[in-house]
Amino acid sequence: QARDVRFDGVIFTVAALQGLAISLGQASLKMNSMSFFQLTKQLQVPLVATIEYVFLGKHLSALKVALLLAMTGGVCLANASDVQFSYVGALMAAVGTACTSAEVVLYSWLQQAKGWETLQLLYK
């Protein structure tokens, strides 16, 4: 079934964020160590939870918050000895992570708000 075309601007935003996230992520990987790249990718999950809390009012249980903290802390400890980055690369990684997180939240919102499936978002 074709989707409602009124959301084309939102879908374009999702596509632009996804393109930026991929480009910036790859550029930051070229300028930073793999460990730093893993750290920034790991921060996507807490950032998605924060965006959903601030903009959508979604709450996480204390158990989920504790699990997120433990997971993020574990990745930080595992990669702490090998982190190398440049300031430009770190900026690219931060913006790329923010773009990815915003894209995930926006994409999920589109699916839930309209009951769309993935292929309906791709159908023109």
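This section describes the fold, burial, contacts and surface of a predicted model.

The protein holds 6 helices and 0 strands. Along the sequence the pattern reads α-α-α-α-α-α. Helix H1 spans 8-31, and helix H2 covers residues 34-42. Helix H3 runs over residues 44-56. Helix H4 takes residues 62-79. Helix H5 spans 87-114, and helix H6 covers residues 118-122. Along the principal axes, the C-alpha atoms fill a box of roughly 50 × 35 × 20 Å. Of the contacts between residues at least 6 apart in sequence, 84% join residues at least 24 apart.

Mean pLDDT for the protein is 87, and 90% of the residues reach 70 or more. Confidence varies by element. The highest mean, 93, belongs to H3, and the lowest, 69, belongs to helix H6. Where pLDDT is low, the predicted coordinates should not be read in detail.

Burial was examined next. Of the 124 residues in the protein, 33% are buried. The exposed surface of the protein comes to about 8000 Å², and carbon and sulfur atoms supply 68% of it.

Helix H2 illustrates the packing. Its buried residues are Ser 35, Phe 36, Phe 37, Leu 39, Thr 40 and Gln 42. Their cover includes helices H1, H3, H4 and H5. Several of these H2 residues recur in the contacts listed below for helices H4 and H5.

Two residues of helix H4 contact H2. The first considered is Asn 79, which lies in H4. Asn 79 is buried because its relative accessibility, 10%, falls under the 20% cut-off. Apart from neighbours within four places in sequence, Asn 79 touches Ser 35, Gln 38 and Leu 39. Of these, Ser 35 and Leu 39 are themselves among the buried residues of H2. The C-alpha atoms of Asn 79 and Phe 36 are separated by 7.6 Å, although the two residues are 43 apart along the chain. Thr 72 is also in helix H4. Its relative accessible area is 12%, so Thr 72 is buried. Beyond its neighbours within four places in sequence, Thr 72 is in contact with Gln 42, Leu 43 and Pro 46. Gln 42 is one of the buried residues of H2.

Helix H5 offers a further example in Thr 97. Thr 97 has 7% relative accessibility and therefore counts as buried. With neighbours within four places left aside, its contacts are Thr 40, Leu 43, Gln 44 and Leu 47. Leu 43 thus appears in the contacts of Thr 97 and in those of Thr 72. Thr 40 belongs to the buried set of H2.

Not every residue of H4 is covered. Ala 70 lies in this helix. At 52% relative accessibility, Ala 70 counts as exposed, because the cut-off is 50%. Between Ala 70 and Trp 109 the C-alpha separation is 27 Å, with their positions 39 residues apart along the chain.

Trp 109 also takes part in a surface feature. Together with Tyr 53, Val 54, Phe 55 and Leu 56, Trp 109 forms a nonpolar patch with about 550 Å² of accessible area. Helix H3 gives the most to this patch, with 4 residues. Leu 56 is a patch member and is placed in H3. The relative accessible area of Leu 56 is 37%, so this residue is partly exposed. Patch membership needs over 30% relative accessible area, so Leu 56 passes that cut-off.

Charge pairing was then counted. The model has 1 salt bridge. The side chains of Lys 58 and Glu 52 form it, with an N to O distance of 4.0 Å. The partners differ in burial class. Lys 58 is partly exposed, at 33% relative accessibility, whereas Glu 52 is buried, at 18%.

Disulfides were also counted, and the total is 0. A disulfide is a covalent bond between the sulfur atoms of two cysteines. Two cysteines were checked for accessibility. Cys 76 is partly exposed, with a relative accessible area of 35%. Cys 99 is buried, at 9% relative accessibility.

How values were computed. Residues are numbered from 1 along each chain as its sequence is written. This is a predicted model: local features need pLDDT of at least 70, side-chain atom pairs count only at pLDDT 80 or more; totals for chains, interfaces and linings use all residues. Side-chain values use heavy atoms; hydrogens and water are left out. A disulfide is a pair of cysteine sulfur atoms within 2.5 Å. Buried means under 20% relative accessible area, exposed over 50%, partly exposed in between (1.4 Å probe, protein chains only). Patches are made of residues with over 30% relative accessible area and no salt bridge: like charges are joined within 9 Å, nonpolar side chains (Val, Leu, Ile, Met, Phe, Trp, Tyr) within 5 Å. Accessible areas come from the Shrake-Rupley method with a 1.4 Å probe; for residues, only the protein chains shown count as cover. Contact means heavy atoms within 4.5 Å. pLDDT is the predictor's confidence in each residue, from 0 to 100.
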